[in-house]
Amino acid sequence: STAITPPWGDGTNALGFAGLLELITTANGTPADQVQTGAGPLTISLIDNMLRRIWEFGGRGPYILVNSLEMLSMIHLLEAAGSIVRIPAMADGSGVLGAYVKNVVHPITGEPVPVMVDRYLAPGTIIFGSKMLPDGSPAAEVPVLPQTTDIALAPGAQIQGYVATPLAPTVTAPDVWPFFVKVYETLAMKAATVFGKISGVTPV
């Protein structure tokens, strides 16, 4: 929200949201055990317990956001789990090494929880989110706000119930608009209890 460099800004102005990293805080209502710092090595238990806590608050449609380093750690956890991971052999006798973590099995519901990689998320940080609240409404959304139009183009017109009316500096001075600000949308978190954040994660 304060960075002016692309893709967060245009080089001069900060155009980015104060996003999930800023919104998932205890001050905003997220339970303290869902905002963990200094987590240390990534473990399956760490992931499972966060998913469990969010489920207990009614979060539905969970998802996980990670950096590329945490994705590699998840792959290493998968490979270390052992028995179900195999190295496939191709028809020409060559082998394929490696794996990819697409989902994490939810420890309570058994549903697949998608894991998404974000190159802009700082290494060592994992975000746990929910698409929906218990009643099916969005847990977070980016609503489009009422729009305004430059009054010179629509004098006295109502725009979605709002009226923009400039005032002249003095009786004799003309109206002057050095710039016009329009707000189109904003990020809204509807329930901080169905989100979580872990920082200080170290690679495994």
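## Exercises on a predicted model

Strand β4 (residues 103–105) runs antiparallel to β5, and 3 bridges join the two. The model behind these exercises is predicted.

### Exercise 1: the β4–β5 hairpin

Task: find the bridge partner of Val104 in β5, then describe the turn of the hairpin that β4 and β5 form.

Solution.
- Step 1. Start from the pairing. β4 and β5 are antiparallel, with 3 bridges between them.
- Step 2. Pick out Val104. Its bridge partner in β5 is Val113.
- Step 3. Go to the turn. The hairpin has 6 residues between β4 and β5.
- Step 4. Check the backbone there. Gly110, in the turn, has a positive phi of about 80 degrees.

### Exercise 2: the sheet

Task: work out the strand order of the open sheet of 6 strands. Which strands stand at the edges?

Solution.
- Step 1. Write down the order. The strands run β1-β11-β6-β3-β5-β4, and the pairing is mixed.
- Step 2. Look at the ends of that order. β1 (35–36) and β4 stand at the edges; each has a single partner strand, so one side of each lacks a neighbour in the sheet.
- Step 3. Take the β1 end. β1 pairs with strand β11 (residues 196–198) in the parallel sense, over 2 bridges. Gln36 stands opposite Ile198 in β11.
- Step 4. Take β5 and its other pairing. Strand β3 (residues 60–66) and strand β5 (residues 112–117) are parallel, with 3 bridges. Here Leu65 stands opposite Met116 in β5.
- Step 5. Confirm the mixed label. β3 with β5 is parallel, whereas β4 with β5 is antiparallel.
- Step 6. Add the helix. Helix α3 (residues 68–81) lies across β3, β5 and β6. Its direction makes about 110 degrees with β3.

### Exercise 3: the cavity

Task: how many cavities of 30 Å³ or more does the structure hold? Which element gives the most to the lining of the largest cavity?

Solution.
- Step 1. Count. There is 1 cavity of 30 Å³ or more.
- Step 2. Size it. The largest cavity has about 60 Å³ of space.
- Step 3. List the lining. The residues are Leu51, Ile54, Trp55, Gly59, Pro62, His106, Glu111, Phe128 and Gly129.
- Step 4. Assign elements. α2 (44–56) and β6 (126–132) each supply at least two lining residues. α2 gives the most, with 3.
- Step 5. Sort by class. The lining has 5 nonpolar, 3 polar and 1 charged residues.

### Exercise 4: two pockets

Task: describe the lining of the largest pocket and of the second largest pocket by element and by class.

Solution.
- Step 1. Begin with the largest pocket. Its space is about 540 Å³. Of its 17 lining residues, Trp8, Phe17, Gly19, Leu20 and Leu21 are the closest to the centre.
- Step 2. Name its main contributor. α1 gives the most to this lining, with 3 residues.
- Step 3. Classify. The largest pocket is lined by 12 nonpolar, 3 polar and 2 charged residues.
- Step 4. Turn to the second largest pocket. It holds about 310 Å³ of space. The lining counts 14 residues, and Ile44, Leu78, Val101, Asn103 and Val104 lie nearest the centre.
- Step 5. Name the contributors. α2, α3 and β4 each supply at least two residues. α3 gives the most, with 4.
- Step 6. Classify again. The second largest pocket has 11 nonpolar, 1 polar and 2 charged residues in its lining.

### Exercise 5: the loop between α1 and β1

Task: what does the salt bridge between Arg53 and Asp33 tie together? Which residues does Thr26 contact beyond its neighbours within four places in sequence?

Solution.
- Step 1. Count the salt bridges. The cut-off is 4 Å from nitrogen to carboxyl oxygen. The total is 3.
- Step 2. Test the pair. The side chains of Arg53 and Asp33 meet at 3.5 Å, N to O.
- Step 3. Place both ends. Arg53 is in helix α2 and Asp33 in the loop between α1 (20–23) and β1, so the pair ties together parts 20 residues apart in sequence.
- Step 4. Move to Thr26, which lies in the loop between α1 and β1. Beyond its neighbours within four places in sequence, Thr26 contacts Pro31, Ala32 and Val35.
- Step 5. Look further along the chain. Thr193 is 167 residues from Thr26, yet their C-alpha atoms are separated by 9.4 Å.

Definitions and conventions. Residues are numbered from 1 along each chain as its sequence is written. This is a predicted model: local features need pLDDT of at least 70, side-chain atom pairs count only at pLDDT 80 or more; totals for chains, interfaces and linings use all residues. Side-chain values use heavy atoms; hydrogens and water are left out. Two strands pair if DSSP finds at least two bridges between them. On a 1 Å grid over the protein atoms alone, a cavity is a set of points where a 1.4 Å probe fits but cannot get out, and a pocket is an open set with protein on both sides within 12 Å along at least five of seven lines; lining residues have an atom within 4 Å of a point. Grid points are joined across faces, edges and corners, and a volume is the space filled by probe spheres set on the points. Ala, Val, Leu, Ile, Met, Phe, Trp, Tyr, Cys and Pro count as nonpolar, Asp, Glu, Lys and Arg as charged, and the others, Gly among them, as polar. Contact means heavy atoms within 4.5 Å. Axes are lines fitted to C-alpha atoms, for helices over the stretch in contact, and angles run from 0 to 180 degrees between N-to-C directions.
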